[in-house]
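Dear colleague,

I am passing on the structure we spoke about, together with some notes on what came out of going through it. Please have it open beside you while you read.

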Amino acid sequence: MRDGARTYVAGAGGVLRTSTNLIDWAPIVSGTTSDVNTAIFANNNYIIAGAGGMLRTSTDGVNWLARTSNTANIIRTLAFGAGVYLYGTNGTSSACVFASTDGVTWTARTFGQTATINTIT
């Protein structure tokens with residue numbers, strides 16, 4: 001959050017835009033040209049993820065840090081609950097769900113089958 005206002009983040013291709021009112025959108029530099037497939041704001045952190053295992057975090061929605069996702073697969077979905085972030089991939093192995101308590105360090109979780117994870121709630 002910036003100045004007490006909620007910042008919204010949207011991605012299209014490798015371009016991110018932010019808004020504080022959901023009407024006016026400004027482009028920002030995220031440091032990636034990868035497709036952004038999913039974004040989340042949870043536990044005072046923004047996370048974007050997408051093609052090639054691209055994963056970035058931000059505390060303000062404007063300044064982004066590259067993170068190691070531990071996958072080269074497409075990250076399709078992000079979720080947060082009970083103090084844990086999760087993401088799901090396009091599933092080329094049974095390790096298609098990854099977990100993190102800080103949004104920085106990610107560990108594969110065995111899903112039990114090769115599957116594309118399109119949503120996690």
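A residue is called buried here when its relative accessible area is under 20%, and partly exposed when the value lies between that cut-off and 50%. Please bear in mind throughout that this is a predicted model.

With that cut-off, Asp60 counts as buried because its relative accessible area is 17%, although the residue sits in the loop between strand S6 (55-58) and strand S7 (65-66). The side chain of Asp60 has two polar partners worth looking at: one of its polar atoms lies 2.8 Å from the backbone nitrogen of Val62, and a polar contact of 2.7 Å links it to the side chain of Asn63.

The two strands that flank this loop, S6 and S7, pair in the antiparallel sense over two bridges, and in one of the pairings Arg56 has Ala66 in S7 as its bridge partner. They belong to an open sheet of four strands, antiparallel in its pairing, which runs in the order S4-S5-S6-S7. S4 and S7 are the edge strands, and since each has a single partner strand, one side of each is left without a neighbour in the sheet.

Turning to the interior, the largest nonpolar core is made up of eleven residues, among them Ile40, Ile47, Leu78, Tyr87 and Trp106. Strand S4 (36-42), strand S5 (45-50), S8 and strand S9 (84-89) are the elements that each give two or more residues to this core. A second, separate core has seven residues, including Leu16, Val36, Ile48 and Met54. Leu78, leaving out residues up to four places away in sequence, touches Ile40, Ile47, Tyr87 and Trp106 among others, and Ile48 is also one of the residues it touches.

Ile74 is found in the loop between S7 and strand S8 (75-81), and it counts as partly exposed because its relative accessibility is 27%. Its C-alpha atom is 4.4 Å from that of Ala51, although the two residues are 23 apart in sequence. Beyond its neighbours within four places in sequence, Ile74 is in contact with Gly50, Ala51 and Gly52, and also with Asn37, Gly88, Thr89 and Asn90.

Finally, Thr7 lies in the segment before strand S1 (8-12) and is buried, with a relative accessible area of 0%. Between the C-alpha atoms of Thr7 and Phe80, which are 73 residues apart along the chain, the separation is 18 Å.

With best regards

Conventions. Residues are numbered from 1 along each chain as its sequence is written. This is a predicted model: local features need pLDDT of at least 70, side-chain atom pairs count only at pLDDT 80 or more; totals for chains, interfaces and linings use all residues. Side-chain values use heavy atoms; hydrogens and water are left out. Buried means under 20% relative accessible area, exposed over 50%, partly exposed in between (1.4 Å probe, protein chains only). A polar contact is a pair of N or O atoms within 3.5 Å; within protein, one must be able to donate a hydrogen and the other to accept it, and residues adjacent in sequence count only if both atoms are side-chain atoms. Contact means heavy atoms within 4.5 Å. A nonpolar core is a set of buried Ala, Val, Leu, Ile, Met, Phe, Trp, Tyr and Cys residues joined through side-chain atoms within 4.5 Å. Two strands pair if DSSP finds at least two bridges between them.
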